[in-house]
Amino acid sequence: MSRSLRQRALDYFHHNPTVRAWSLVAPGGLWLLVFFLVPVFMMFTYSFMPRGMYGGVESGFTLEHYLRFFDSLYLTILMRTTVDATVCTVACLLLGYPVAYAITRAGRFKGLLLFLVILPFWTSFLVRTFAMIFLLRDTGLINTALQSIGLIDEPIVMLYTPFAVMLGLVYGYLPFMILPIYASLEKLDLSLLEAAEVLGARPAARFFRVTLPLSLPGVVAGALLVFIPSLGSFLTSDLLGGAKEILIGNLVQNQFTAARNWPFGSAASFVLMALVLVSVLIYLRVRERSGDAAGAP
Amino acid sequence: MHSLKLPAWLIVLVGAVYVFLHAPLLVLVLFSFNDSKFSVSWEGFTLRWYERLLERDDILEGLQASLVVGVTSTVFATVFGTLLALALARYKFKGRLMLEGLLYVPIVTPEIVVGISLLILFVLVGFPLGLPTVIIAHVAFNISFVVVVVLARLQGMDRTLEEAAMILGADELTTFWRVTVPQLWPGIVAGAMLAFTMSFDDYVITSFVSGTGSQTLPVVVYTMVRKNVEPSINAISTLIIVATTILIFIAERVARDKPLTPAKD
């Protein structure tokens with residue numbers, strides 16, 4: 001009896017691929033709908049509503065929260081966030097590319113070197129940020145060491161500076177750059193390099209005209225993986241930056257906690273989302289083109 | 001053959017980057033054994049910062065909360081994500097491309113936006129903040145990551161074994177459990193590992209949806225980092241680093257496995 005029921009159920013599924021597909025989609029899809037899309041949409045609605053008395057919102061429609069971003073204060077935060085994320089991405093690229101390149105050429109050390117990049121990639125971001133504090137603070141290891149050898153009398157203030165935030169961002173996201181570049185360098189067809197060498201290309205020419213263009217997909221992916229979390233970074237600037245180094249993420253957090261201005265915080269979130277969206281679109285465009293370039297004879 | 005030798009400046013630069021990546025953590029670990037409360041000069045070996053951890057209820061409770069949240073949310077996210085990946089890889093249906101695109105949205109959405117939008121939802125519907133809301137949030141941000149990992153495995157998978165099983169008379173469910181799942185297993189485990197690590201490590205989202213009572217380990221550690229200079233933070237950090245290292249070793253072993261052969265009996 002139960003066998004035939006099971007068989008009938010299977011038959012039903014078998015003849016309805018769409019039903020079957022959506023029954024696989026349903027649990028996760030509903031979860032994401034209710035606990036991701038709906039909340040984000042609610043936040044979007046909040047960003048157009050007037051601010052209420054006690055942190056909430058009142059009904060109505062307004063653009064004032066978005067217009068506030070033309071105030072110089074918020075424009076500065078916006079600029080700082082974009083510039084920091086860009087500088088961090090470039091720094092990660094300049095430091096990360098050579099590492100990825102060296103790993104592919106490391107012979108029997110390849111596994112070890114790769115593991116040493118994967119390890120920090122997985123290690124708690126909070127712990128790694130604390131490691132930076134431990135080094136940089138006035139009573140930290142760098143200052144103590146410099147003082148004990150008599151190089152400086154007073155500690156150099158490093159924590160709660162723009163420098164500390166940038167160092168923390170690069171330190172935090174560098175593995176995100178190395179791994180995708182490594183993945184695309186690893187796939188590189190070495191016979192192309194041999195051909196270039198046979199045809200008389202010098203090492204620099206071989207790198208800039210063969211290796212680099214062919215590894216562009218990895219570079220672009222790495223850049224996106226560094227740029228997006230840097231844009232939305234909150235912990236790094238919160239713990240290493242102090243009050244003067246506020247980024248958009250901190251502004252959002254502040255509006256939902258201390259300032260209790262939820263609609264403005266929502267608007268700030270969507271300004272951040274817009275920046276993310278633009279960078280994803282740029283990524284897709286560039287990937288398309290670099291894909292074409294790599295595929296061209 | 002082109003030369004495989006790297007120029008000296010490149011080796012120096014790469015070496016420096018590795019020092020930059022690892023020295024801070026090594027120093028952190030080293031000083032968790034330093035017998036001095038405030039000084040960062042070496043005063044001798046001690047384990048008292050570790051003993052101190054055991055005396056702190058908030059850390060033990062935080063660890064317990066993190067494990068509960070991590071395991072529960074990983075199970076849900078892994079099951080949901082694997083089913084979604086199967087749907088995307090195996091079926092052509094209306095809205096498939098849109099669904100696939102939508103699944104990438106949670107991955108690129110900044111954590112702070114995910115956390116706060118959920119906070120708005122919970123506050124608006126009057127859902128009390130606590131461990132259940134943390135678990136809900138962690139499932140929500142982990143599903144997409146599981147989908148990406150499992151989908152990658154599915155796309156590289158050979159379907160002839162499944163076809164063979166069907167031809168030999170196995171029905172769909174039998175084929176799924178005895179052939180598909182074993183073949184897919186490394187991908188599922190890798191996805192689960194990723195989900196667990198991200199759940200166990202998350203501070204930003206958790207801090208918004210956890211309320212005041214139920215604090216996970218990262219929330220406790222964050223408070224310590226904010227307030228304290230005591231080397232107990234070094235000790236708890238060291239334990240987290242060691243646990244992470246062990247987890248990656250296991251993950252690497254599993255991921256490197258060849259496609260498993262289907263059950264033999």
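How many residues does helix H8 of chain A have, and what distance does the helix reach from its first C-alpha to its last? In this predicted model, helix H8 of chain A runs over residues 162–186, a stretch of 25 residues. The helix reaches 36 Å from first to last C-alpha, close to the 36 Å expected at 1.5 Å a residue. H8(A) nevertheless bends by about 45 degrees at A:Tyr173, and the proline A:Pro175 follows within four residues. The helix is mostly covered, with 20 of its 25 residues buried.

H8(A) also takes part in the largest nonpolar core, to which it gives the most, 15 residues. This core holds 147 residues, of which A:Leu272 and B:Leu84 touch the most other members. At least three residues of the core come from each of two domains of chain A, domain 1 (1–33) and domain 2 (66–295). The C-alpha centres of these two domains lie 44 Å apart.

Contacts between the chains involve 70 residues of chain A and 60 residues of chain B. On the side of chain A that touches chain B, helix H2 of chain A (residues 17–46) gives the most, with 20 residues. By class, this side of chain A has 50 nonpolar, 15 polar and five charged residues.

B:Leu84, named above for its contacts within the core, touches A:Leu24, A:Val25, A:Gly28 and A:Gly29 in chain A. In chain B, B:Leu84 touches B:Ile143 and B:Val147, with residues up to four places away in sequence not counted.

Methods. Residues numbered from 1 in each chain as written. Chains lettered and ligands numbered in written order. Predicted model: local features only at pLDDT ≥ 70, side-chain atom pairs only at ≥ 80, totals over all residues. Domains from an automatic or database assignment. Contact = placed C-beta atoms within 7 Å. Helix = DSSP H or I, 4+ residues; strand = E, 2+ residues; numbered from the N terminus. Nonpolar A, V, L, I, M, F, W, Y, C, P; charged D, E, K, R; others polar. Expected span 1.5 Å × (residues − 1). Bend = angle between axes of the 7 residues up to and from the residue. Buried ≥ 20, exposed ≤ 12 C-beta atoms within 10 Å, placed from the backbone. Core = buried A, V, L, I, M, F, W, Y, C linked by C-beta atoms within 7 Å.
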